[in-house]
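These are my notes from a session with one structure. I wanted the burial of one residue, the overall form of one chain, and the contact between two chains.

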Amino acid sequence: MAHVAGPAQFSGLQESSRTILDHYQQQVRTRRIYTVVSIVVFLIVLAASLDFANNANSGKFFERLPYFFDFIKSFVPNSPLEIFRAMFDLPSPYADGSIKFDYTSDRVWITDSFYIPNFFYQLAITLNIAIVSTILGSTGAFLLCFFASSNLVGSRAVRWGVRRIMEIMRAFPEIVIAGLLAAILSIGPIAAIIAVSFHTIGALGKLFFEVVENADMKPDEGLRASGASWLERVRFAILPQVLPNFVSYTLLRTEINVRASTIIGAVGGGGIGEVFSLSIGRDHAAKTYAIIILLLVTVICVDQFSAWLRRRLIGKQSFEFGRGAA
Amino acid sequence: MSNLAVNAADRERLLDAYPEAFHRSFMQRWGLAIAAVAVFVYLAFCFSFFNVIPTFVNGNWDRAGIYLQDWYSWRAQPRLRFQNGQVVPQWTSRRQYPEGAAIDWLKPASNGGYTVIFGNDDRLDVTPSQVDVYIDGKLYPVAIKGDRAILPAGAPARMVQDDNKVNVRFGFAGQAEIRSNQVYVQRRFLGWANFFFDTQSPFWGRSFTGVAGLMFFGERIDPAQSNASLALDNFLNNGSWQHGDILSKLMQTLVMAFVGTLFATLLAFPLAFVAARNITTSRPVNWGMKRLFDFLRSIDMLIWALFFTRAFGPGPLPGIAAIFFTDTGALGKVYSEALENVDDKQREGVKSVGAAPVIVQRYGVVPQVLPIFISQSLYFWESNTRSATVIGAVGAGGIGLKLLESMKTNADWDKVAYMVLLILLVVFVFDNLSNALRSRVMGKKGH
């Protein structure tokens with residue numbers, strides 16, 4: 001490109017242009033040195049990290065790689081129909097008394113003749129955990145966020161306190177809350193609900209108060225001029241502006257919480273995550289694939305539904321950017 | 001306030017001028033109320049579905065207090081056994097004092113018994129035939145007859161007869177269980193016991209200045225190494241706190257997040273160019289690549305983690321792989337959306353001077369999107385630092401697994417608190433680091 005030009009090309013330049021060219025080339029050279037140095041440092045850090053990770057792992061990467069496909073091979077169900085049978089709790093022709101092929105005993109009977117397949121029931125538990133904790137968490141975040149925004153609360157101390165509370169709620173590891181509650185309340189979905197709600201308050205609270213801080217303050221001034229109280233100003237000036245964004249962030253959070261409640265389930269919160277980690281740990285191929293398919297379909301459906309609802313509520317505005325911040 | 005009276009003509013005029021304010025549709029008027037009722041009904045349904053009340057009623061609330069106290073305090077629990085007319089303290093393997101140490105709250109008495117001090121006016125004088133309980137300076141002698149400890153008459157509510165034994169509670173300071181053959185004492189202190197050095201270490205029980213003095217000016221304890229390196233070694237290999245192990249597990253978690261996000265970034269970068277409609281013109285290829293991103297993204301990080309844990313065994317490798325696979329999809333999607341929004345003028349400019357296709361992308365597109373790419377990757381790095389902890393708990397190793405193991409014993413809540421503090425600290429540091437990097441890359445305007 002242009003800046004690799006040799007001196008022959010610029011022989012006709014005047015003295016002042018010459019100086020400018022020299023300075024430019026000097027800058028390019030310095031920049032390149034920085035780039036090379038940072039790439040080298042980066043590679044060293046990366047190599048050290050990989051080496052550390054490989055040494056810390058119980059199976060080494062290159063030792064395990066040849067067996068990787070053996071593992072996949074052992075994970076082939078006897079027939080594709082087995083996945084279907086495992087999903088709907090139908091009796092298997094391969095039944096030999098072991099729990100690997102025992103699909104029927106987990107049926108959840110609603111009436112004497114009607115049952116819900118176990119995996120669907122577990123999926124319903126996980127989804128309900130996600131939805132309940134999103135509702136509880138967004139309510140908490142909604143109540144807190146107004147006290148953290150600088151345009152509504154004058155007191156620096158209150159703002160600082162509320163923001164720190166949110167930060168701690170956001171960063172506090174969910175599994176610790178779930179584990180502590182599991183020790184007190186016994187293992188189950190309630191521990192998962194409280195853990196996920198706790199995190200949701202922190203994560204949504206931050207997004208919410210940033211929305212509130214960006215709100216247009218003219219309606220607020222109007223209400224203040226007519227003598228409205230703080231509560232009335234929040235209700236009639238701020239809320240109508242921020243509500244669409246709040247709803248949109250809450251929907252986005254629902255997607256994340258479906259995933260989070262699956263993971264918390266695997267650690268002992270019940271639901272589909274627990275069933276999944278059991279079946280993959282015991283090499284039950286058909287059950288594992290049935291759960292993977294169910295989870296994949298659920299996650300895609302929830303994502304599509306919430307994307308559709310968000311588009312209806314606030315138009316085309318990409319909120320993928322919020323994912324990392326959340 | 002003044003009375004806002006509106007005459008009929010004004011009223012008509014206002015109704016005509018602002019129809020949307022006076023004739024609102026049914027959903028506009030009642031939508032919020034209907035939604036609120038629906039949410040309430042749903043919550044009530046879930047309340048019974050998840051058996052909330054029975055679970056809370058059956059919870060071990062008495063243990064909850066102990067678990068929470070364990071976060072910031074520790075308890076010494078010797079058993080004072082009665083052997084041949086003598087009182088012999090017996091410690092479990094979790095003892096916090098070395099053999100033969102002088103303990104200021106547990107002193108042998110001249111008559112062969114032991115004195116346990118719980119506070120200024122609260123103490124136990126233990127002998128095999130009688131335990132003198134002092135509460136607020138008043139004496140309540142518990143006699144031991146046969147296989148039974150007997151509660152004295154007029155004892156306060158803090159002393160309770162429970163079958164053959166007598167329980168005494170001293171509040172935060174601890175409690176004692178008086179049985180016919182032993183007194184089981186629990187004595188609680190604020191803080192974390194033996195946090196720096198365990199009882200095997202020559203530095204145990206010294207003050208901060210004492211340790212510092214010994215480290216830098218003292219005679220060598222171990223002739224093979226200096227005292228400072230011995231102290232570091234003793235600290236990292238502290239038997240009850242396992243600092244070395246915990247720090248290395250924390251490092252594993254950080255490596256998982258860093259390497260996973262980095263690899264995802266490196267792979268998503270070229271793939272996003274393939275998926276972007278304005279850069280690769282073949283529709284089927286765009287479509288295929290976007291569905292690949294969707295597939296990688298939609299399979300939960302949990303599934304990838306468990307899958308690779310089965311393949312590689314527990315450790316950071318499955319964690320790296322799980323983050324790599326999920327985030328290649330997520331970053332690929334975000335990147336390709338950014339690419340589809342680039343300004344075409346710069347590409348045309350580079351193309352018009354006859355540059356090769358790769359050069360067109362390098363100088364016409366990359367400078368526009370690089371700040372967005374880097375900022376997005378930093379966001380993902382930040383959030384992965386948090387999720388790597390949870391991923392670890394399902395089997396990918398790191399601090400998550402360590403946390404889960406410590407919680408399962410139900411006796412290591414102080415260690416859990418320590419790890420939580422470390423995690424909070426690391427998350428805080430990394431948030432600020434990535435914010436600083438982001439504002440450098442994106443300029444001050446933020447994102």
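Before the first entry I fixed the term: a residue is buried if 20 or more other C-beta atoms lie within 10 Å of its own C-beta, and exposed if 12 or fewer do. I also noted that this is a predicted model.

**Entry 1: A:Ala195**

I asked whether A:Ala195 is buried or exposed. I found 28 C-beta neighbours inside 10 Å, so A:Ala195 counts as buried. I placed A:Ala195 in helix 7 of chain A, which covers residues 189-213. I then listed its contacts, leaving aside neighbours within four places in sequence: they are A:Glu174, A:Ile177, A:Ala178, A:Leu181 and A:Ile264. I also checked A:Ile175, which is 20 residues away from A:Ala195 in sequence and 7.3 Å away in space, C-alpha to C-alpha.

**Entry 2: chain B as a whole**

I counted 15 helices and 13 strands in chain B. For its 447 residues the globule rule gives 22 Å, but the radius of gyration is 34 Å, well over that value, so chain B is more spread out than a compact globule. Along the principal axes, I get a box of roughly 100 × 85 × 50 Å for the C-alpha atoms of chain B. I find 34% of the 447 residues in chain B buried. I looked at contacts in chain B between residues at least 6 apart in sequence, and 57% of these join residues at least 24 apart.

**Entry 3: where the chains touch**

I asked how many residues each chain brings to the contact. Chain B brings 61 residues and chain A brings 51. On the side of chain B that touches chain A, helix 13 gives the most, with 11 residues. I sorted that side of chain B by class and got 40 nonpolar, 14 polar and seven charged residues.

**Entry 4: one helix pair across the chains**

I took helix 9 of chain A (residues 230-269) and helix 13 of chain B (residues 357-396); their axes come within 10 Å and cross at roughly 40°. Angles under 35 degrees would count as roughly parallel, so at this crossing helix 9 of chain A is oblique to helix 13 of chain B. I record the crossing of these two helices as left-handed. From helix 9 of chain A the contact uses A:Ile263, A:Ala266 and A:Val267, and from helix 13 of chain B it uses B:Val390, B:Ala393 and B:Val394. I classed the residues of this helix contact as six nonpolar, no polar and no charged.

Definitions and conventions:
Residues are numbered from 1 along each chain as its sequence is written. Chains are lettered from A and ligands numbered from 1 in the order in which they are written. This is a predicted model: local features need pLDDT of at least 70, side-chain atom pairs count only at pLDDT 80 or more; totals for chains, interfaces and linings use all residues. Helices (H or I, at least four residues) and strands (E, at least two) are DSSP runs, numbered from the N terminus. The radius of gyration is taken over C-alpha atoms; the globule rule is 2.2 Å times the number of residues to the power 0.38. Two residues are in contact if their C-beta atoms, placed from the backbone, lie within 7 Å. Axes are lines fitted to C-alpha atoms, for helices over the stretch in contact, and angles run from 0 to 180 degrees between N-to-C directions. Angles under 35 degrees count as roughly parallel, over 145 as roughly antiparallel, 65 to 115 as roughly perpendicular and the rest as oblique. A crossing is left-handed if the near helix is turned anticlockwise from the far one by less than a right angle, and right-handed if clockwise. Ala, Val, Leu, Ile, Met, Phe, Trp, Tyr, Cys and Pro count as nonpolar, Asp, Glu, Lys and Arg as charged, and the others, Gly among them, as polar.
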